[in-house]
Protein chains: 2
Amino acid sequence: MDSPPIRRVSILGCGLIGTSIALALRGTGIHVALSDRDSQAVATARRMGAGVALTPGAPAADVVVVATPPSTVVGVLRDAQDRGLGAVYTDVASTKARIVAEAERAGCDLTTYVPGHPMAGAEFSGPGAARPDLFVGRQWMLSPHRGTPLGSVRTVAEMVAACGARHRIVPADQHDQLAAVISHAPHLVSAALAARFADADRATLSLMGRGLQDVTRVAGGDPGLWCDILQQNAEPVAAVLDAVVRELAAAADALRGGGRSASSAALADLLARGRQGRERIVGVSSAAADAKDMIAA
Amino acid sequence: MDSPPIRRVSILGCGLIGTSIALALRGTGIHVALSDRDSQAVATARRMGAGVALTPGAPAADVVVVATPPSTVVGVLRDAQDRGLGAVYTDVASTKARIVAEAERAGCDLTTYVPGHPMAGAEFSGPGAARPDLFVGRQWMLSPHRGTPLGSVRTVAEMVAACGARHRIVPADQHDQLAAVISHAPHLVSAALAARFADADRATLSLMGRGLQDVTRVAGGDPGLWCDILQQNAEPVAAVLDAVVRELAAAADALRGGGRSASSAALADLLARGRQGRERIVGVSSAAADAKDMIAA
């Protein structure tokens, strides 16, 4: 990296992700300025040591991070660029293609904007759930426009490294397909299962074990934020849902097939492919955990 | 309880559940005899202190526990009753209605058979994964036939209490509907998601976070055992899958509705019901964990 070191970062949006980035950067001595339309969120983040409040007339930042919900990113970005808040801009939304297209249409300066998405999250939201190590050992996708200069990308990559994460350049469309299958569609599937219990009585609930706990955990996420995310990545998510619907409809048919050999085979095939997928997930996950331990050690 | 105390229990099937019951009962001083068609499983369970091998001519047990896969329960039960292995019999299969019906058809003695299902499990199977505290604070459903004498039920309930669990009498049909929604259908949904990753490359897998980890965990279960369980509880599971399929198909339609207000409302409604269900699950789960802590303390 031949880009100059990052000294100042401004974070626009003090939720879980924005505040965690701020805490991580503060840990490396970078100056962090915080902003949020909710002054309580800024106050909470400041109390946690995430930085100072962004004030009018403050020096331009090396990187401005837009850490607001997906549908608001372009508006906040455009405003920040108009005010000249920084040299380079990025965001942390978990969808990319639509945001990049809208940023272009809205006249944002794409030479200084490097769309990003840290692959980390937590069960709870808000600044109070933030952690400085949230990104350690995790990947952080960057989906720059073809015309964006390498220097802008390098500056954002340097900030990613300062958070303990590894950046990876992925085209926006490909990013969105990956995010759909590893995160967005699973969220809806989890919600569809959890919804079976929206009116469940205590007698039913008292019977469940860890399996249902795990499979419904992500359904606890903020419905408003998730509605926004899902609509910003509509077609890739719908395509994954189509595949899951086909699998489950076929499984229901197979169950009703009454033990005929073709029905049993269809069910056994789904379970075997499920176990195979789980083994791949666990295998890579163990490797990632090992890598994280090494970094933390 | 006015039933005489349990002194001897025989466990037929030294998998996770059978061996965990054996370990729990040994901890209260009950004599436990072990049997399995796989002599290695018996040897492993014995080494763990779960009891002695069941030998021909051993005294009849107070309770015989059939801890084999669902589709084999009736055959093992019938054989055990024919050999007079015990005074009272139970099983631990996670389906009940079909087993009870088949037991009746097969001429099993229903006056001494109390079908059971401990609501506990673990990610791994086999005797090596067994734990004496697997059932502590958990519920254990019993689904006796209408004609079964109360004395038989009391004897099995006493064994359940010796394992640290609370018994609950539930009709077999109702048991199966509950098991379908809290365990069997979620297993298939988890498998259908995990199957998306059966051929996933490392680059894709390296991006995932804890959400996908959690939602696919139960898909790691033994496909053969689960195929058996699901087919034994076919219609209740298929009915839950139908509901999940309807939800997910509607969500895919809503996503393709392109942000029209009715589409947004449908998506928001599913996410809100999912969060509501998750809150109920977490609320009761916390209460259950508290109760478990109290018992353990």
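Student: How many residue pairs are in polar contact across the interface of chain B and chain A?
Tutor: The rule finds 30 such pairs, both residues at pLDDT 80 or more. A polar contact here is a pair of N or O atoms within 3.5 Å; within protein, one must be able to donate a hydrogen and the other to accept it, and residues adjacent in sequence count only if both atoms are side-chain atoms. Keep in mind that this is a predicted model, where local features need pLDDT of at least 70, side-chain atom pairs count only at pLDDT 80 or more, and totals for chains, interfaces and linings use all residues. Residues are numbered from 1 along each chain as its sequence is written, chains are lettered from A in the order in which they are written, and side-chain values use heavy atoms, with hydrogens and water left out.

Student: Which helix gives the largest share of chain B's side?
Tutor: That's α10(B), with 18 residues. Helices are DSSP runs of H or I with at least four residues, strands are runs of E with at least two, and both are numbered from the N terminus.

Student: And what's the mix by class on that side?
Tutor: The side of chain B that touches chain A has 50 nonpolar, 18 polar and 19 charged residues. Ala, Val, Leu, Ile, Met, Phe, Trp, Tyr, Cys and Pro count as nonpolar, Asp, Glu, Lys and Arg as charged, and the others, Gly among them, as polar.

Student: How many salt bridges cross over?
Tutor: Eight between chain B and chain A, counting a side-chain nitrogen of Lys or Arg within 4 Å of a carboxyl oxygen of Asp or Glu. One of them pairs Arg196(B) with Glu247(A), with the closest N and O atoms 2.3 Å apart.

Student: What area gets buried between the two chains?
Tutor: About 8000 Å², and carbon and sulfur atoms give 67% of that. Buried area is the accessible area (1.4 Å probe) that two parts lose on being put together, summed over both. Leu207(B), Leu271(B) and Arg278(B) supply 10% of what chain B buries against chain A, more than any other three residues.

Student: Switching to α9(B): mostly covered or mostly open?
Tutor: Mostly covered: seven of the ten residues in 223-232 are buried, meaning under 20% relative accessible area, with exposed being over 50% and partly exposed in between (1.4 Å probe, protein chains only). Among the buried ones are Trp226(B), Cys227(B) and Leu230(B).

Student: What happens at the start of that helix?
Tutor: A side-chain oxygen of Asp222(B) comes to within 3.1 Å of the backbone nitrogen of Gly224(B).

Student: OK, His117(B). Buried or exposed?
Tutor: Buried, because its relative accessible area is 9%. His117(B) lies in strand β7 (residues 116-118) of chain B.

Student: Which side chain does His117(B) meet in a polar contact?
Tutor: His175(B), at 2.7 Å. His117(B) also touches residues including Asp91(B), Lys96(B) and Trp140(B), where contact means heavy atoms within 4.5 Å. Met141(B) is 24 residues away in sequence, yet the two C-alpha atoms are 5.1 Å apart.

Student: Last one: how is chain A divided?
Tutor: Into domain 1 (8-170) and domain 2 (176-296), with bounds from an automatic or database domain assignment. Their centres, taken over C-alpha atoms, are 30 Å apart.

Student: How many salt bridges and polar pairs link those domains?
Tutor: The rule finds zero salt bridges and five residue pairs in polar contact. The area buried between the two domains is about 1400 Å², with 56% from carbon and sulfur atoms.

Definitions and conventions
Lists of a residue's contacts leave out its neighbours within four places in sequence.
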